[in-house]
Amino acid sequence: MKDRSNLWAFTLFLHFARGSGVFHVPPLTHVPPQNVPTPAGESQSTASDALFATNIREEIRFKPGAANIIISQGNPVSFNCSIDVPEFYQDVPIQWLKNGKELIDGHRCSYKGIAFAVSEHRARILSSCSISNVLHSDAGVYNCRILISNVPIESEKINLQIEGLPSFIQEPESKNVTRDASFNLTCEAVGPPYPVDIYWLQNGEKMKMIADTSPSVLTVAGINERTRYSCEAHNPKGVAVSKEAQVNIKDIPHAPMNLQIKNQTAHTVVVSWEPGFDGYSSINTCLFQVKKVEDAENETSPVLNYQTTVPPYEYGILQLQAMTSYSICVSCKNEVGWSKHCSAVQARTVEGVPTAPPHNVSILVSDSLLTVEWAGPPEEEINGILLGYMLSYDWEGGNSHSGGSSKSQDRLLISVE
């Protein structure tokens with residue numbers, strides 16, 4: 001504790017702004033012995049540290065300053081603080097705090113500081129924090145802090161209040177609503193000065209001549225057309241006007257656009273499209289209607305329906321017949337209902353391999369010939385143009401053979417050797 005004993009072996013002078021006198025503190029030379037147990041079981045070192053911090057805070061203090069500052073928005077403001085310290089602490093920086101958090105120099109607040117001697121062993125540190133154009137967000141509690149021998153010393157608090165036009169902290173928000181359904185809008189503004197009164201406007205006209213006290217919640221029973229809302233905030237300094245909110249009526253979406261064929265195989269057609277205007281409600285489902293072109297004029301012919309969630313706006317239509325032309329259209333749905341169908345497009349599947357084998361196979365045996373006969377696959381299973389057949393057979397002994405037949409043949413003669 002030798003260093004601390006030396007630190008306090010001087011007379012401290014504090015000059016108070018509220019009086020012209022000088023307060024003299026007698027020299028502090030006594031330092032309690034170390035490592036003497038206290039009744040609480042703590043070492044004397046810990047108790048001494050606490051006493052040391054208490055003594056510093058009692059005898060080194062910031063000079064009193066303004067407790068409250070009220071200023072109009074847009075004007076400059078400056079806070080000042082000063083403190084007398086032992087001369088070897090004159091280079092210790094003063095920190096500025098807002099609402100208990102350290103301010104960054106140049107971020108809204110600019111620092112200036114100076115230190116000079118006031119006596120043989122004493123120095124005075126002055127610091128200022130300046131804001132060139134105050135905003136409502138600058139309002140708060142400011143104070144200074146300095147570290148002396150790792151002991152933080154803080155100044156008295158300065159409460160900064162900003163006066164001006166009301167400042168909005170919540171403005172009416174645009175929204176999409178169901179026709180004739182009730183909804184709420186909120187408007188909140190603050191001062192100072194107070195009170196802050198709220199007037200609601202609908203399509204630019206005041207809805208009523210009696211103001212609400214901020215915050216205000218407007219309940220609308222329902223509308224059946226697009227409507228604009230805003231609010232005015234009044235206080236003794238004047239009037240502030242909020243942004244305008246547009247309330248839209250949800251409706252069915254417009255028909256999809258730009259339906260295109262992206263790929264075609266024997267049994268699949270891949271399509272893409274663009275959604276139409278969503279009617280102020282998200283599109284979630286689309287429905288395809290697929291019909292054979294040859295049956296387009298026949299109202300009783302079957303229509304294939306395919307449904308998919310969106311996005312993405314691309315879909316593969318499956319289980320189609322090969323080499324068949326189809327008419328395809330699509331409609332989409334939001335929470336209100338289905339859109340109209342888009343203009344239909346045509347797609348034609350390509351040729352594929354038969355999906356069924358020949359059937360009714362029979363074998364006639366004679367002395368020197370085997371006659372194999374069959375019936376071709378069903379027409380709808382051919383999936384294109386039938387070119388012919390291939391017959392494979394095995395003789396006893398493991399010899400394999402194959403023979404071909406044209407489309408017009410439904411039999412094959414095999415010589416028996």
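**Asn-383 and the cysteines of a predicted model**

Reader: Which residues does Asn-383 touch, leaving aside those up to four places away in sequence?

Author: In this predicted model, Asn-383 sits in the loop between α3 (379-382) and β31 (388-394). Not counting residues up to four places away in sequence, Asn-383 touches His-267, Ala-322, Glu-351, Gly-352, Val-353, Pro-354 and Thr-355.

Reader: Is Asn-383 buried or exposed, and with which side chain does the side chain of Asn-383 make a polar contact?

Author: Asn-383 has a relative accessible area of 6% and is therefore buried, since buried means under 20%. The side chain of Asn-383 reaches the backbone oxygen of Glu-381 at 3.4 Å. At 3.3 Å, the Asn-383 side chain also makes a polar contact with the side chain of Thr-355.

Reader: How many residues apart in sequence are the parts that the disulfide of Cys-81 and Cys-144 ties together?

Author: Cys-81 and Cys-144 form a disulfide, with their sulfur atoms 2.1 Å apart. Because Cys-81 belongs to strand β4 (residues 77-86) and Cys-144 to strand β9 (residues 140-148), the parts tied together by this pair are separated in sequence by 63 residues.

Reader: Is the disulfide of Cys-187 and Cys-231 left-handed or right-handed?

Author: The sulfur atoms of Cys-187 and Cys-231 lie 2.0 Å apart in a disulfide. The torsion about their S-S bond is about 70°, and so this disulfide is right-handed.

Reader: Why does Cys-329 form no bond with Cys-342?

Author: Cys-329 is buried, with a relative accessible area of 14%, and Cys-342 counts as buried at 10%. The closest cysteine sulfur to that of Cys-329 is the one in Cys-342, which is too far for a bond because the distance is 6.1 Å.

Note on methods:
Residues are numbered from 1 along each chain as its sequence is written. This is a predicted model: local features need pLDDT of at least 70, side-chain atom pairs count only at pLDDT 80 or more; totals for chains, interfaces and linings use all residues. Side-chain values use heavy atoms; hydrogens and water are left out. Helices (H or I, at least four residues) and strands (E, at least two) are DSSP runs, numbered from the N terminus. Buried means under 20% relative accessible area, exposed over 50%, partly exposed in between (1.4 Å probe, protein chains only). A polar contact is a pair of N or O atoms within 3.5 Å; within protein, one must be able to donate a hydrogen and the other to accept it, and residues adjacent in sequence count only if both atoms are side-chain atoms. Contact means heavy atoms within 4.5 Å. A disulfide is a pair of cysteine sulfur atoms within 2.5 Å.
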